[in-house]
Structure formats: structure tokens, C-alpha cells
Amino acid sequence: MHQLIIIGSGPAGFTAAIYAARAGLEPQLVASSVQVGGELMNTTDVENFPGFPEGIQGPDLMTKMQEQAERFGTTVIYDDVTELELSGPVKRATLSDGTVLEAQALIYATGSAYRKLDVPGEEKLTGHGVSWCATCDGFFFRERAIAVVGGGDSAMEEATFLTRFADKVYVIHRRDSLRASKIMQDRAFANDKIEFIWNAEVTEILGDAEVSGVRLLDTVDGSERDLSVEGVFIAIGNDPRTHLVHGQLDLTDEGTIWVDGRSSRTSIEGVFAAGDVIDPHYRQAVTAAGSGTAAALDAEHFLAAAADAPALATAAD
Ligand code: NAP
């Protein structure tokens, strides 16, 4: 049996692995069969991760994190977890090849998935004008016209932030009223660079090599028109990846995994959670890495206490 299984290969999972491996826990990190490295693998320049003043490509950053975790004794497993058994003292993770990993403790760091529009052009132009992250990519749209899709707080935040760079920001919302909080709405309404397009659905993102526009469907009269923009930021919500723990771990009203205060302790002893899967607010690579650190330290303390427990019981006899 292993001491620690980590599920997830984003900044939270790999940072937890670096700390746990340096503590001698020889973690088994289940990374994914498809893409190791999480959401940052879909990003180009990362300019806000401390320590890289010239910026670093997202995939390079994740490769470095993996190398650092492996250097100290992390085993990276290129497979997916299909089932988890968390309730007893032995935590079991079944992989898609049928292997069952067993450990005394488990860190769940599966991240969150940006919702997609699922329209033609979206996939092809991702990284070529289509983005889910204004703080990552806004800088590339200086003096351009861009569109933000969505009507919640994220869309208002992204649109307002993007006016630092873009000349014009269209907010495209499928209804005629916003879901965003009043303060975020007021800030966006007061911004001269932002123009709202109401009752409109994006039915296609246009462009060959780069985004050149969006096709819009008016949900009231059914008419279609093309809007010329050079960037499309999609901000229609985000879903924490919790499907493997439904019915086992407690969740919050926001759908993230419940943890005890500022710790990473979940509702089951010996199971810890870190990164976007516990975070409805910040969702940054740096905050995920910090959260992974907390999970590794919590797991280390848990395992040390478990190792001491029989000795204490014997001493008390
Ligand atoms: P959200 O509140 O769920 O809003 C998603 C928005 O996208 C809604 O306006 C929704 O339209 C729209 N939408 C959903 N699916 C769509 C689709 N397929 N096509 C077009 N539009 C679609 O998500 P969020 O804005 O990411 O916010 C998530 C949570 O984080 C919220 O609790 C929010 O308050 C919080 N947050 C807070 C801050 C802050 O306080 N600074 C910043 C960001 C986020 P409908 O309105 O028609 O459903």
C-alpha cells in the first residue's frame, strides 16, 4: 500500500507532489491519459507566475513542475481514475486499465473546466483569438475590438479588465438582464468602452487562422448578423470537476468540494482537496499551487499522526 495518491496534474496536484515527495511520502500522482498539466496546457504565454520575468509558455511551466515533482520521488501515472473508494482507512483509486491503487491518504486536485459554447469555430480558434482567461490573454488585444460572452460576474470582470487593453469590448448576453451582482454591473455600465448586445447568442466564431468575428442570433426576432471582432472571451461559467466524488465528499452550494476552513481537509478523514476544485473565486495557477502546498502539509500531518497512533496506544496500555 502507498502512503499518498494525488489525483490531478495541474499546479495544485504537482505542487502537492513536490512537497509530499520532499517529505518522503513517495506520492503516486494520477495525471490523466490524455493531457498531463491541466488547463495551463491550453495557454500560451503565462506572464503572472512569479519567478519568470520574461513569461513562460503554459506547457513549459507544467513540464517544469512535473520534472520537479519527479526529481524528489513522485511516480506519475499516465491514466485516468474511473472510480474512487474513499470512506474506509484505505483509499482506493481504480484506473481505466483496471489497476487499483491503495493508499492511506489521498489528495483530490482535479481542477475545473471552463464551460464551452459548443459552436463552430470555437475549438479551431482556441489560442488564436478565442480565450477563457482575460488576465492571461488580454494583453494581446491592445487597441482591438473584442467580445466577451456571458452575463455573470466573470463576464463583467473580464469585460472591465479587458478595457485596459482593447479599444472596444462588446458584452454579448443571451438575455436582456444580467446575472452579475449590481456592483459589477454598474462598473461595466459606467465604462465607455463597453457596449452590451442583448438577447444574442453566438452561433459561430468566424475566422480561418485568427478570429475575425462572431455570428449572432437575435433571440427575439430570430435574425442573424455578423459582428467584427478580433478576440472572443468566453465567460459563461466554470464547473469544478467533482464527478468522481459525488455521493462521497460533501460539496458546497457553489458545487466545489467542501473543506474545513482554510485547510484542505474534506468531509472524509484522510482525503484532502486542493486547487480549483475547492475554489469558486480566484482560480489562478499561483493560488492553486498554494492550495496544493496546504494539502500536502495536511496529508503529511495526517500520516504522521496515523503512524504515531499505534505507538501512543501501546504506550498508554
Ligand atoms: P455564472 O454566474 O454561472 O454566470 C454565467 C453566465 O453565462 C450567465 O449570465 C449565463 O446566462 C451565461 N451562460 C451560461 N451558459 C451559456 C451559454 N451556453 N451560452 C451563453 N451564455 C451562457 O458564472 P460566473 O460569472 O463564472 O460566476 C461564477 C461564480 O463566481 C458566481 O458565484 C460569481 O458571483 C462568482 N464570481 C465572483 C466574482 C467577483 O465577485 N469578483 C468574479 C467572478 C465570479 P444566464 O444568466 O442566462 O443563465
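1. Accessible area here is the Shrake-Rupley area, computed with a 1.4 Å probe. On that basis, the protein chain of this predicted model exposes about 15,600 Å². Carbon and sulfur atoms account for 48% of that surface.

2. Overall dimensions next. The C-alpha trace spans about 80 × 40 × 35 Å along its principal axes. The chain has 317 residues, and 48% of them count as buried. Its secondary structure comprises six helices and 19 strands.

3. Contacts across the sequence: take those in the chain with a separation of 6 or more. Of these, 59% join residues 24 or more positions apart.

4. The largest nonpolar core holds 32 residues. Leu4, Ile6, Phe14, Leu29, Leu61 and Ile107 have the most contacts inside it. Two or more residues each come from β1 (2–7), α1 (11–22), α2 (58–71), β8 (100–108) and α6 (285–316). Another core lies apart from it, with 22 residues. Leu84, Ala103, Leu249 and Ile257 are among them.

5. Which residues is Ile107 in contact with, leaving aside its neighbours within four places in sequence? They are Leu4, Ile5, Ile6, Ile7, Ala16, Phe272, Ala295, Ala296 and Ala299.

6. One open sheet has three strands, ordered β14-β15-β16, with antiparallel pairing. β14 (200–206) and β16 (224–228) are the edge strands, each pairing on one side only. From one strand to the next, the twist averages 30°.

7. Within that sheet, six bridges link β14 to β15 (residues 213–218) in the antiparallel sense. Ala200 stands opposite Asp218 of β15.

Key:
Residues numbered from 1 in each chain as written. Predicted model: local features only at pLDDT ≥ 70, side-chain atom pairs only at ≥ 80, totals over all residues. Heavy atoms only, no water. Core = buried A, V, L, I, M, F, W, Y, C linked by side-chain atoms within 4.5 Å. Buried < 20%, exposed > 50% of the residue type's maximum accessible area, 1.4 Å probe, protein only. Helix = DSSP H or I, 4+ residues; strand = E, 2+ residues; numbered from the N terminus. Contact = heavy atoms within 4.5 Å. Pairing = 2+ DSSP bridges. Axes fitted to C-alpha atoms, helices over the stretch in contact; angles between N-to-C directions.
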